[in-house]
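Student: I'm new to this one. Can you walk me through it, piece by piece?
Tutor: Sure. Have a look at it first, then ask away.

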Amino acid sequence: MGQKQNHHSDSDLSKETKKRRRVAFSAVVSSKEEFHAPESFVLDPVDLSIFFDDDGKIYGYEGLKITIWVSSVSFHAYGEITFQSSSDRGKGVTDLKSALQRIFAETLVESKDEFLQTFSSDKDFVRTTISSGEVLKHKVFSGYSGDSNNGLANSATSDIEAVRMVVGDIAAGHLYSRLIPLVFLLVDGSSPIDVTDPCWELYLIIQKETDLQGEVQYRLIGFTAVYRFYHYPDSSRLRLSQILVLPPYQHKGYGRYILEVLNEVAISENVFDFTIEEPLDHFQHIRTCVDTLRLLRFDPIQHSVKVAVSLLKQGKLSKKTNNPRLTPPSSAVEDVRKSLKINKKQFFQCWEVLIYLGLNPSDKHMDDFVSIISNRVKYDIIGKDSGTSGKQLIDVPSDFDPETSFVMFRSEANESSTVQLDDNQTNQEEQLEKLVQERVKEIQLIAEKVTLHLKSSDASVN
């Protein structure tokens, strides 16, 4: 969930480069001036191979470069294709314009002039489209300076609104249809949502700034698509499926702001819980920071945290204890879900951070803390005794086809693991040790950020 990441090794990339020319360079611009400015926000090369025929291969070009501009005003796109030479070498010449049309559909314009014209003809697109939406929250972001190139006055603050639109609404569907190319290109592993399904909701982050003529300009700087599931008997569950903060606005706190809005919606509307579909590591890191701060202020679990910390401080914890992971009691899990709408899996992620924070200073008890994390990792991945965890398949005697006869159950670890371990015992131990070290470092980093946030909050109050 988030910016696409390239997971290929350098050797793989060099091999792929020889096989196909598949890279496009993109820029997100908000004005004619930015279009012509060399410092326009340029994205990392984007892989377009899945949109081309013949398994993503492009034929017939030498020195090919595809540059795509996307307007953050109307979300129209313009593609410029340049190459040194083109010739049919027996496999034809790839129709690049048709491929771009498949990606950008009706948002793709034919010429540069037409694209530049959209900055004036569609300047009110966002404002008119979201007029039927529900404003959920308003916030002033400090430390932002408007770009003078886009005709907006420089300011130290930025007015931000969170707006909700139900996707079944015509305006919401029209807006999302223009965002689909960005979903394809920038949201990892995503496909378009069904714009006719009213269970989908869009949460939009809108920036409002006054231009030099005194007119208020609306900019969509980020959005998330959330599905509202029915939960028996009379509740619902919210699941975040897609989230994107436009590249020029990333790393400024807007992703966290979206999470804050969704947490408030989940609580105010008393949904069963709020979950996130396969979050990328970076987004999960932000989510855990946010939820840990919330949990530190949640009084009903503080006694349980203190008990866990006290047990850990005693040292020499037995590996055969009934609760080797020092997991929170079920009552705390339920209190957190009911009040904060944090599900069990996410609460467990934050729980380890809470224990680490409670050990202050942590150095004296670090060995025991690492052993607790190690027990939990092994428990989740390998299993408590049988060497399995999560969903398990057990062969059973049957008069039917033995290949289709089995029993499935879920172990106490409760969450199936996606980590694949080597069959070799020595390699398994090395892999597990690496996972433990990575998890401990992640906990320490989250704890550090949470502590800094708490100190800055105290300073601002005082």
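Tutor: One term before we start: a cavity is a set of grid points where a 1.4 Å probe fits but cannot get out. Also keep in mind that this is a predicted model.

Student: OK. How many cavities of 30 Å³ or more does a search of the whole structure find?
Tutor: The search finds four. The largest has a volume of about 70 Å³.

Student: Which residues line that largest cavity?
Tutor: Among them are Leu-259, Asn-263 and Phe-274. Arg-287, Asp-291 and Arg-294 belong to the lining too. So do Lys-341, Ile-342 and Gln-346.

Student: Which helix gives the largest share of that lining?
Tutor: Helix 9, with three residues. Helix 8 (254-268) and helix 9 (281-296) each supply at least two.

Student: Let's switch to helix 10. How many residues does helix 10 have?
Tutor: Twelve, running from 302 to 313. From first C-alpha to last, helix 10 reaches 16 Å, close to the 16 Å expected.

Student: Which of its residues are buried?
Tutor: In helix 10, Ser-304, Val-305, Ala-308, Val-309 and Leu-312 are buried.

Student: Why do the buried residues of helix 10 line one face?
Tutor: Look down the axis of helix 10: its buried residues fall within an arc of 135°, so they line one face. They pack against helix 11 (330-340), helix 12 (344-358) and helix 13 (366-381).

Student: And what does the face turned away from the buried side of helix 10 carry?
Tutor: That face carries the exposed residues His-303 and Lys-306.

Student: What follows helix 10?
Tutor: Gly-315, with a positive phi near 75°.

Student: Which residues that are not glycine have a positive phi?
Tutor: Phe-75 is one of them, with a phi of about 65°. Glu-278 is another, at about 45°.

Student: Where are they, and are they buried or exposed?
Tutor: Phe-75 is in the loop between strand 5 and strand 6. Phe-75 is buried, because its relative accessible area is 2% and buried means under 20%. Glu-278 is in the loop between strand 13 (274-276) and helix 9. Glu-278 is exposed, with a relative accessible area of 66%.

Student: Back to the loop between strand 5 and strand 6. What does Ser-72 touch?
Tutor: Ser-72 is in that loop, between strand 5 (65-71) and strand 6 (77-82). Leaving out residues up to four places away in sequence, Ser-72 touches Val-28, Val-29, Ser-30, Arg-219 and Leu-246. Ser-72 is buried, with a relative accessible area of 4%.

Student: What about Ser-132? Where is that?
Tutor: Ser-132 is in the loop between helix 6 (125-129) and strand 8 (134-142). Ser-132 is partly exposed, at 48% relative accessible area. Beyond residues up to four places away in sequence, Ser-132 touches Met-165, Asp-169 and Ala-171.

Student: Which peptide bond is cis?
Tutor: The one from Tyr-232 to Pro-233 is cis, with omega near 5°. Pro-233 is in the loop between strand 11 (216-231) and strand 12 (235-245).

Student: Last topic: how many disulfides does the structure hold?
Tutor: Zero. Take Cys-350: the nearest cysteine sulfur, that of Cys-289, is 9.0 Å away. A disulfide needs the two sulfur atoms within 2.5 Å.

Student: Is Cys-350 buried or exposed?
Tutor: Cys-350 is buried, with a relative accessible area of 0%. Cys-199, by contrast, is partly exposed, at 29%.

Notes
Residues are numbered from 1 along each chain as its sequence is written. This is a predicted model: local features need pLDDT of at least 70, side-chain atom pairs count only at pLDDT 80 or more; totals for chains, interfaces and linings use all residues. Side-chain values use heavy atoms; hydrogens and water are left out. Buried means under 20% relative accessible area, exposed over 50%, partly exposed in between (1.4 Å probe, protein chains only). Helices (H or I, at least four residues) and strands (E, at least two) are DSSP runs, numbered from the N terminus. Contact means heavy atoms within 4.5 Å. The expected span of a helix is 1.5 Å times one less than its number of residues. The arc is that of the directions from the helix axis to the C-beta atoms. On a 1 Å grid over the protein atoms alone, a cavity is a set of points where a 1.4 Å probe fits but cannot get out, and a pocket is an open set with protein on both sides within 12 Å along at least five of seven lines; lining residues have an atom within 4 Å of a point. Grid points are joined across faces, edges and corners, and a volume is the space filled by probe spheres set on the points.
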